[in-house]
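The following exercises are to be worked through with the sequence and the model in view. Each task is followed by a solution in steps.

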Amino acid sequence: MAAAKLTPNAVAAILAGDTNLKPVVQVIDLRSIAVSGNPGSGPRFRAILSDGVATTPALFASQLCDLARSGRLRRGAVVQLLEYIINNVRGIRATVILNMEVLVPECEIFGNPALPPESGVSNSSSMRADQFNGAPGSTAGSTLGTVTTSAENAPVIQRSTAGNFSNMTPRPSDNAQVFQPSVQPSYRPAPNYRNHGTIMKNDAPARIIPISTLNPYQGRWAIKARVTAKGEIRRYHNAKGDGKVFSFDLLDSDGSEIRATCFNALVDRFYEAVEVGKVYVVSRGSLKPARKDYNHLNNEWEIFLESQSTIELCPDENSSIPAMRFSFTSIDKIEDSENNAIVDVIGVVTSVNPSTTIQRKNGMETQKRTISLKDTSGRSVEVTMWGDFCNREGLQLQEMVECGAFPVLAVKAGRVNDYSGKSVGTISSSQLLINPDLAEAHSLRRWFDCGGRDASTQSISRDFTPAASRNEIRKTVAQIKDDGLGMGDKPDWVTVKATVVFFKTDSFCYTACPNMIGDRQCNKKVTKSDSGNWLCDKCNQEFPECDYKYLLQLQIQDHSGTTWATAFQEPGQELLGCSARELYMFKENEDPRYTDVLLQGLYRQYLLRLKVKEETFGDERRVKNTVAKVERVDPSAESKFLLDGISRWTGSY
């Protein structure tokens, strides 16, 4: 029963003549009726169907009557109408069901579909089955009918004015819960559809429906929504050849969202036509399950536009559709978020790092910039900007902070990363709003200006500010064991000032999958297949070349003792100064630079950010130290850090 969900506005759509909807409705009354003039044919069955709000009478075709006779169809059943027609019976529109599927045999009645008696009531028991058996009635200008139940539980028909959907909404009682799905305004036909006489069914403009009602079983449909985000054009290569793709996010007046995706020729057709912030009517396309690895929207479906799809601008659209929808997560809650979770976050920008150029795993260069946000939870988080964000919003933020202004920044659709603590990074569909006109932003501004600026804050991210200003936990090597770090449910994060005294050189890297999944490399371990290619079990693909990633075992030492630690890709590259591929090639070619690289990384003092967590190896449990960040010791900053520590220690006496 929990999986049952009625199609909003289904009755209105059915009675308006939409026979392509395939709606999910509920049978709230079911009775047998005799067929006039054919007593030996057995009873037929009529029903009252509900979408949770409105109701309509219906008659089951003879081939479906066995469902009712056998008890598989009964009052409370949730069904999906697969094929049906609309007939006029004494001026009342009724549905003849030709084919359907029972989804839930019986459950409680959804919503409050009963209507109070009004004038113009006719007893439904007077209708005969043969009155339903004509040709479908016209869908234009016909009288709509809804059904209610009287005090004696006798279904009756309510006649309403043609084209007036307001009479289909029940009057709520004092204590009844009423579900009120909104009805989208009618889609005004384009000029080329007007004054042309009869319109062929497949050429008529589709009726606008809410995004929440979209499903793969519909025929033609249209939605009116605002574009809230637009991704860049991405290139890809697979077994079918090269291609390109881009996506954009849509938000309608109900607050529902969905992503639309275009491939290849449709990219050329729609990319320039779609602008963020504008409202469009989008019609025709296929609905497929949303790929949650790439799609963060709260919708199980995604629109894939096709050659017959249309996107029409609504230039005179009013403000009925919001510009954007946020669901902010406070920074202290981000600390408990899962890796790769998509969140909205808002905070005051307290620092901005310069933009740097880095090389991505696919060999392409991109811009990277980090900033720090703080909020009223007493936590701060590092936000990493990638690509165009760095020189657009990032440069603006840098100039504002350098001038002493600390702006409020709202991040829409940022991805959580737990590589070192927790941080938030931009993705292609992210949006950054500086000093937005939001209640949350105004509240943050008042808090910051009235004392929040000087409030102590603990970072949930890896630190990129000078060592003296960090709010960090500094430990010695001996304290990792003596204090029992890493033995709890969550890992401990500590900083150790230590020297690297040994590298294991027999296996310092592994062969990694080079496949790009969105904007991330797979990086799973690959093995040689019988064909000589590299096989990735996760991607289920073979590649002629593999990548190489650090899996570096090293021994670190300070004045208190020695311990082992593991460094993966980025920390490994910071320690040795070259990529894992380069070092692997040096070793394979017996290049003397291999030994030089290893020696240059030894006997240097670093500040090592460690993730300490107990893990199981075979039948043995032991604490594993993972290097999350490597930083050379700055004598000036380290001296200030030590002096501050001395001041705090002496001040306690």
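**Exercise 1: The barrel**

Strands 25-33-34-36-35 form, in that order, a closed barrel of five strands with mixed pairing. From one strand to the next, the twist averages 60°. The model is a predicted one.

Task. Determine how many bridges join strand 25 to strand 33, and in which sense the two strands run.

Solution.
- Step 1. Locate strand 25 at residues 492-503 and strand 33 at residues 552-558.
- Step 2. Four bridges join these strands, which run antiparallel.
- Step 3. As an example of residues facing each other, F502 stands opposite Q555 in strand 33.
- Step 4. Next, consider what lies across the strands. Helix 9 (residues 569-576) lies across strands 25, 33, 34, 35 and 36, and runs at about 55° to strand 36.

**Exercise 2: The open sheet**

Task. State which strands stand at the edges of the sheet 29-30-31, and why one side of each is left without a neighbour.

Solution.
- Step 1. The sheet is open and has three strands in the order 29-30-31, with antiparallel pairing.
- Step 2. Strand 29 (527-528) and strand 31 (541-543) each have a single partner strand; they therefore stand at the edges, with one side lacking a neighbour in the sheet.
- Step 3. Strand 30, at residues 534-536, pairs with strand 31 over three bridges. W534 stands opposite F543 in strand 31.
- Step 4. Recall the general principle: strands of a sheet pair through backbone hydrogen bonds, either parallel or antiparallel.

**Exercise 3: Two helices, each with a buried face**

Task. For helix 7 and helix 11, identify which residues are buried.

Solution.
- Step 1. A residue counts as buried under 20% relative accessible area and as exposed over 50%.
- Step 2. In helix 7 (residues 439-449), the buried residues include A441, L444 and F448. They fall within an arc of 60° when seen down the helix axis, so they line one face of helix 7.
- Step 3. The face turned away from that buried side carries the exposed residues A439 and R446.
- Step 4. The cover over the buried residues of helix 7 includes strand 17 (342-352), strand 19 (365-374) and strand 21 (408-417). Just after helix 7, G451 takes a positive phi of about 130°.
- Step 5. In helix 11 (residues 593-600), Y594, V597 and L598 are buried. Seen down the axis of helix 11, they fall within an arc of 95°, so they too line one face.
- Step 6. Strand 25, helix 9 and helix 10 (580-588) are among the elements covering the buried residues of helix 11.

**Exercise 4: The nonpolar cores**

Task. Find which residues have the most contacts inside the largest nonpolar core, and which strand gives the most to this core.

Solution.
- Step 1. The largest nonpolar core has 41 residues, and those with the most contacts inside it are V500, F503, L554, L576, L583 and L610.
- Step 2. Strand 25 gives the most to this core, with five residues.
- Step 3. Apart from this core lies another, of 25 residues, including I211, F248, Y280 and W301.
- Step 4. Take V500 as a case. Beyond its neighbours within four places in sequence, V500 is in contact with residues including L554, I556, L575 and Y606.

**Exercise 5: The whole chain**

Task. State what share of the residues of the protein chain count as buried.

Solution.
- Step 1. The protein chain has 653 residues, and 45% of them count as buried.
- Step 2. Its secondary structure comes to twelve helices and 36 strands.
- Step 3. The accessible surface of the chain comes to about 33,200 Å², of which 48% belongs to carbon and sulfur atoms.

Definitions and conventions:
Residues numbered from 1 in each chain as written. Predicted model: local features only at pLDDT ≥ 70, side-chain atom pairs only at ≥ 80, totals over all residues. Heavy atoms only, no water. Pairing = 2+ DSSP bridges. Axes fitted to C-alpha atoms, helices over the stretch in contact; angles between N-to-C directions. Contact = heavy atoms within 4.5 Å. Buried < 20%, exposed > 50% of the residue type's maximum accessible area, 1.4 Å probe, protein only. Arc of directions from axis to C-beta. Core = buried A, V, L, I, M, F, W, Y, C linked by side-chain atoms within 4.5 Å. Areas by Shrake-Rupley, 256 points an atom, 1.4 Å probe, with all protein chains shown as cover.
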